[in-house]
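Grab a coffee and open the viewer: here is a short set of exercises to work through with the structure on screen. Try each task before reading its solution.

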Amino acid sequence: QVQLVESGGGLVQAGGSLRLSCAASGSITSFFNPRNWAWFRLLPGKQRELVASISSTRTTDYAESVKGRFTISRDNAWKRVYLQMSDLKTEDTAVYYCNTLDESLRWGQGTQVTVPS
């Protein structure tokens, strides 16, 4: 069983920055490194959407709405995935989750990011 714990969210003014962290634990030793990982977000009243992904070879991809503002990275040694968010906007307000790109794991609790208008 692999557990995902997201952290780093909070209340930040527009234009500010946050760094989200996702820690994967459990039976993770041979699971983490070969996988493509991603950050998703659940906006109020909407479905969960893909924000950014990073492959096992560290190729990254981003939703158009966050390109140039968000950076995804991974630490295979510590089994963590990060999302550096800059120039935050009110429309980035959401609960952020990490998972494998194919959403194969049980979702964690997520971390709330709030950018007030």
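The exercises below go from the sheet to the core, then to the aromatic rings and a few single residues; keep in mind that this is a predicted model.

**Exercise 1. Find the strand order of the six-stranded open sheet, and work out which strands stand at its edges.**

Solution.
- Step 1: Trace the sheet from one side to the other. The order is S2-S10-S9-S4-S5-S6, and the pairing is mixed.
- Step 2: Look at the two ends. Strand S2 (10-11) and strand S6 (60-62) stand at the edges.
- Step 3: Ask what an edge position implies. S2 and S6 each have a single partner strand, so one side of each is left without a neighbour in the sheet.

**Exercise 2. Work out how S9 is joined to S4 and to S10, and say whether S9 is mostly covered.**

Solution.
- Step 1: Take the S4 side. S4 and S9 run antiparallel and are joined by six bridges. On this side, Trp 39 faces Cys 98 of S9.
- Step 2: Take the S10 side. Three bridges connect S9 with strand S10 (residues 111-114), and this pair is antiparallel. Tyr 96 is opposite Thr 111 in S10, while Ala 94 has Val 113 as its bridge partner there.
- Step 3: Check the burial. Seven of the seven residues of S9 are buried, and the strand is mostly covered.

**Exercise 3. Identify the residues that touch the most other members of the largest nonpolar core, and trace which strands supply the core.**

Solution.
- Step 1: Start from the membership. The core has 30 residues, and those touching the most other members are Trp 37, Trp 39, Phe 70, Ile 72, Leu 83, Met 85 and Tyr 96.
- Step 2: Map the core onto strands. At least two residues each come from S1 (2-7), S3 (18-26), S4 (37-42), S5 (48-54), S7 (70-75), S8 (80-85) and S9 (94-100). The largest share is that of S3, with four residues.
- Step 3: Zoom in on one member. Leaving aside residues up to four places away in sequence, Ile 72 touches residues including Trp 37, Trp 39, Ile 54, Tyr 62, Val 81 and Leu 83.
- Step 4: Put this in context. Nonpolar side chains tend to be buried together in soluble globular proteins.

**Exercise 4. Describe the aromatic pairs Phe 31 with Trp 37 and Phe 40 with Trp 107, and find the arginines over their rings.**

Solution.
- Step 1: Count first. There are four aromatic pairs in the model.
- Step 2: Take Phe 31 and Trp 37. Their centres are 6.3 Å apart with 75° between the planes, which makes the pair edge-to-face. Both Phe 31 and Trp 37 are buried, and together with Phe 32 they form one aromatic cluster.
- Step 3: Take Phe 40 and Trp 107. This pair is edge-to-face too, at 5.2 Å centre to centre and 85° between the planes. The partners sit 67 residues apart, Phe 40 in strand S4 and Trp 107 in the loop between S9 and S10.
- Step 4: Compare the surroundings. Phe 40 has a relative accessible area of 4% and is buried; Trp 107, at 24%, is partly exposed.
- Step 5: Look for the charges. Arg 35 lies over the face of Phe 31, 4.0 Å from the ring centre. Over the ring of Trp 107 sits the charged end of Arg 48, at 3.7 Å from its centre.

**Exercise 5. Decide whether Thr 111 is buried or exposed, and find what its side chain reaches.**

Solution.
- Step 1: Place the residue. Thr 111 is in strand S10.
- Step 2: Apply the cut-off. Buried means under 20% relative accessible area, and Thr 111 has 8%, so it counts as buried.
- Step 3: Follow the side chain. It comes within 2.9 Å of the backbone nitrogen of Gly 9.
- Step 4: List contacts beyond four places in sequence. Among them are Glu 6, Gly 9, Leu 20 and Tyr 96.

**Exercise 6. Locate Arg 58 and Lys 79, two non-glycine residues with a positive phi, and say how exposed they are.**

Solution.
- Step 1: Arg 58 has a phi of about 70° and lies in the loop between S5 and S6. With a relative accessible area of 45%, Arg 58 is partly exposed.
- Step 2: Lys 79 has a phi of about 60° and lies in the loop between S7 and S8. At 14%, Lys 79 is buried.

Technical notes: Residues numbered from 1 in each chain as written. Predicted model: local features only at pLDDT ≥ 70, side-chain atom pairs only at ≥ 80, totals over all residues. Heavy atoms only, no water. Core = buried A, V, L, I, M, F, W, Y, C linked by side-chain atoms within 4.5 Å. Buried < 20%, exposed > 50% of the residue type's maximum accessible area, 1.4 Å probe, protein only. Contact = heavy atoms within 4.5 Å. Pairing = 2+ DSSP bridges. Phe/Tyr/Trp six-rings, centres within 6.5 Å; stacked < 30°, edge-to-face > 60°. Lys NZ or Arg CZ within 6 Å of the ring centre and 35° of its normal. Polar contact = N/O pair within 3.5 Å; in protein donor to acceptor, adjacent residues only side chain to side chain.
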